[in-house]
Amino acid sequence: MGKANPFGHLKKDPVMKKLIEKHGELRLVWEADVWEDLVDSIISQQLSDKAAATIGKRFRALFGKKFPRPGRVLAITNEKIRACGLSWSKVSYIKNIAEAIETGKLVLEKLGDMENEEVMTELTKIKGVGQWTAEMTLMFSLFRPDVFSLGDAGLRAAVAKLYKVEKENLKEIARIAEKWRPHRSLAARYLWKSLER
């Protein structure tokens, strides 16, 4: 079990070891569309997975079978997008992202060559894209191996439950997460998994 093995590294933590033994070796899926993932992140903000999935389906249905490119989203009225069940603010956030891509303010192809902090800076320039959305993009769209989101309520809840700490004690949660470096993204997947019923 050398340094190259993320599971071997995480298993040094007894709590993570139990999670890996219970859920097996989770694999990252190497297929993503950053634009689509950003839209999904906006849709799912502060919603249950079920509600987000329902609204996501309605949004997609507006455009037919293929996920719309930014130009098509800009061409449709705010009212039609709002009718999918999105708040007015989320409608404007989705349009802000679409406009940034269409005008070249955000060049998705360049994100892969940027450091994590640079990606965060680029994305959070867009109104509606906060730190949590940027962190989820790093994890799930750009497959960065060492991202941990203190802003994610699920991750905080999982750490609080498994490590017996207060979920508002961000300093202690960050300290616990340090031992999972450089594989915090994988550790996060196990923490989310631990919350499933």
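What follows is a short working chat about the predicted model shown above.

Me: What should I know about the model and its numbering before we start?
Reply: The model is predicted, so local features need pLDDT of at least 70 and side-chain atom pairs count only at pLDDT 80 or more, while totals for chains, interfaces and linings use all residues. Residues are numbered from 1 along each chain as its sequence is written, and side-chain values use heavy atoms, with hydrogens and water left out.

Me: How many helices and strands are there?
Reply: The protein has 13 helices and zero strands. Helices (H or I, at least four residues) and strands (E, at least two) are DSSP runs, numbered from the N terminus. From that end, the order of elements reads α-α-α-α-α-α-α-α-α-α-α-α-α.

Me: What is the radius of gyration, and what would a compact globule have?
Reply: The protein has 18 Å, which agrees with the value near 16 Å for a compact globule with 197 residues. The radius is taken over C-alpha atoms, and the globule rule is 2.2 Å times the number of residues to the power 0.38. Along the principal axes, the C-alpha atoms fill a box of roughly 50 × 35 × 30 Å.

Me: What share of the residues is buried?
Reply: Buried residues are 44% of the 197 residues. Buried means under 20% relative accessible area, exposed means over 50%, and partly exposed is in between (1.4 Å probe, protein chains only).

Me: Where does Ala187 sit, and is it buried or exposed?
Reply: Ala187 is in helix H13, residues 184-194. Ala187 counts as buried because its relative accessibility is 0%. Its C-alpha is 9.3 Å from that of Val147, and the two are 40 residues apart in sequence.

Me: Changing topic: how many salt bridges does the structure hold?
Reply: There are 12 salt bridges in the structure. The criterion is a side-chain nitrogen of Lys or Arg within 4 Å of a carboxyl oxygen of Asp or Glu.

Me: Which residue does Asp146 meet in a salt bridge?
Reply: The side chain of Asp146 meets that of Arg181, at 3.1 Å from N to O. This pair links distant parts of the chain, with Asp146 in the loop between helix H10 (131-141) and H11, Arg181 in the loop between H12 and H13, and the two positions 35 residues apart.

Me: Are those two buried or exposed?
Reply: Asp146 counts as buried at 16% relative accessibility, whereas Arg181 is partly exposed with a relative accessible area of 37%.

Me: Which residues are in the salt-bridge network with them?
Reply: The network links Asp146, Glu178, Arg181 and Arg184 through salt bridges.

Me: What about the peptide bond from Arg181 to Pro182, cis or trans?
Reply: That bond is cis, with omega near 0°. Pro182 is placed in the loop between H12 and H13.

Me: What does Arg175 pair with?
Reply: Arg175 forms a salt bridge with Glu172, and their closest N and O atoms are 2.7 Å apart. The two are separated by about one helical turn, because they are three residues apart in helix H12. Arg175 counts as exposed at 52% relative accessibility, and Glu172 as partly exposed at 23%.

Me: And Arg27?
Reply: Arg27 has a salt bridge with Glu25, the closest N and O atoms being 2.9 Å apart. Arg27 is exposed at 59% relative accessibility, while Glu25 is partly exposed with a relative accessible area of 43%.

Me: Where is Phe143, and what is its phi?
Reply: Phe143 is in the loop between H10 and H11. Its phi is near 55°, a positive value in a residue other than glycine. Phe143 counts as buried, at 12% relative accessibility.

Me: What about phi of Lys164?
Reply: Phi of Lys164 is near 55°, again positive in a residue other than glycine. Lys164 is in the loop between helix H11 (153-163) and helix H12 (170-178). Lys164 is exposed, with a relative accessible area of 71%.

Me: Which residues form the positive surface patch?
Reply: Lys22, Lys161, Lys164 and Arg197 form it. Patches are made of residues with over 30% relative accessible area and no salt bridge; like charges are joined within 9 Å, and nonpolar side chains (Val, Leu, Ile, Met, Phe, Trp, Tyr) within 5 Å. Lys and Arg count as positive and Asp and Glu as negative, with His and the chain ends not counted. The place of a charge is taken as NZ of Lys, CZ of Arg, CG of Asp or CD of Glu. Accessible areas come from the Shrake-Rupley method with a 1.4 Å probe, and for residues only the protein chains shown count as cover.
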